[in-house]
Amino acid sequence: MVFGFMVDELQKSTIREEKEITEKLAKHQETVADSSMVELSHVVSELLRSGSSGNPAGDEADKRVESTLAPKEEGLEDLLHMADDLRLRTLKGVVDILTPIQAVHFLIAAAELHLRLHEWGKKKDAMNNRYHHAPGGDGSTTQPNLPS
């Protein structure tokens with residue numbers, strides 16, 4: 001049962017790495033709501049209330065927001081790259097375990113699933129846009145006219 005052992009080992013290592021990425025994501029999410037972000041939020045709110053947008057004080061606040069958010073965005077990008085890398089290595093691991101014909105069938109099925117999910121997502125977005133936006137473009141929302 002070498003096949004079963006290889007699948008089991010791939011699954012264990014993937015789960016272990018998923019857990020590590022999840023823990024890193026949780027730590028990263030905590031930084032998004034840290035005291036510097038709360039303080040910055042208060043400063044920007046005060047500037048907006050006082051109408052300082054577009055003047056030097058507002059411009060300075062915008063720069064501060066950008067400099068505070070930049071490392072948080074970079075950290076999130078790093079986590080996304082780690083997750084993408086894990087997905088790719090897992091896919092390669094599965095393909096390496098399978099026979100060539102099994103690998104072909106697996107990759108075809110994965111591609112078909114990806115395409116179906118993409119199509120369903122586009123349909124859902126189209127339905128949401130059709131039912132939740134007023135034709136006047138005034139930003140108000142409407143409820144769908146469904147038969148009773």
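**Notebook: salt bridges, patches and helices**

I started with a charged pair: E17 and R89 meet through their side chains in a salt bridge, 2.6 Å from N to O. The two are 72 residues apart and link distant parts of the chain, with E17 in helix α1 (residues 2-32) and R89 in helix α3. Note to self: this is a predicted model.

Why would two such side chains get together? Side chains of opposite charge can pair when their charged atoms come close.

Next I looked up how covered the two partners are. E17 has a relative accessible area of 23%, so I wrote it down as partly exposed. R89 is partly exposed too, at 38% relative accessibility.

**Second entry: the overall layout**

I stepped back to see the whole chain. How many helices and strands does the secondary structure come to? It comes to four helices and zero strands. Reading along the sequence, I get the pattern α-α-α-α. I also checked burial: of the chain's 148 residues, 14% count as buried.

Then I went along α1. This helix has 31 residues and reaches 45 Å from its first C-alpha to its last, which is close to the 45 Å expected at 1.5 Å a residue. Which residues are buried in α1? I found L10, T14, I21 and H28. E17, also in α1, is partly exposed at 23%, because buried means under 20%.

**Third entry: more salt bridges**

The count of salt bridges comes to nine, and I looked at a few of them.

One of them joins the side chains of E39 and R64, at 3.1 Å from N to O. E39 sits in helix α2 (residues 35-49) and R64 in helix α3, so this pair ties together parts that are 25 residues apart in sequence. E39 counts as partly exposed, with 46% relative accessibility. R64 is partly exposed as well, and its relative accessible area is 34%.

Another one is between D96 and K92, whose closest N and O atoms are 3.0 Å apart. Why is about one helical turn the separation here? Because D96 and K92 are four residues apart in helix α3. That fits what I know about helices: an α-helix has 3.6 residues a turn, so residues three or four places apart point the same way. K92 counts as exposed, since its relative accessibility is 52% and the cut-off is over 50%.

I also found a little group: D8, E9 and K12 are joined into one network by salt bridges that share partners.

**Fourth entry: patches on the surface**

Which residues form the negative surface patch? I listed D59, E60, D62, E66, E73, E74, E77 and D78. I picked D78 to look at: this residue lies in helix α3 (residues 56-97). With a relative accessible area of 49%, D78 is partly exposed, because exposed means over 50%.

There is a nonpolar patch as well, of about 330 Å², made by L88, L91, F106 and L107. Two elements, α3 and α4 (100-132), each give two or more residues to this nonpolar patch. I checked L88, which lies in helix α3. L88 counts as exposed, at 55% relative accessibility.

**Last entry: back to α3**

I kept landing on helix α3, so I jotted down who I met there. R89 from my opening salt bridge is in α3, D78 of the negative patch is in α3, and so is L88 of the nonpolar patch.

Definitions and conventions
Residues are numbered from 1 along each chain as its sequence is written. This is a predicted model: local features need pLDDT of at least 70, side-chain atom pairs count only at pLDDT 80 or more; totals for chains, interfaces and linings use all residues. Side-chain values use heavy atoms; hydrogens and water are left out. Patches are made of residues with over 30% relative accessible area and no salt bridge: like charges are joined within 9 Å, nonpolar side chains (Val, Leu, Ile, Met, Phe, Trp, Tyr) within 5 Å. Accessible areas come from the Shrake-Rupley method with a 1.4 Å probe; for residues, only the protein chains shown count as cover. A salt bridge is a side-chain nitrogen of Lys or Arg within 4 Å of a carboxyl oxygen of Asp or Glu. Lys and Arg count as positive and Asp and Glu as negative; His and the chain ends are not counted. The place of a charge is taken as NZ of Lys, CZ of Arg, CG of Asp or CD of Glu. Buried means under 20% relative accessible area, exposed over 50%, partly exposed in between (1.4 Å probe, protein chains only). The expected span of a helix is 1.5 Å times one less than its number of residues.
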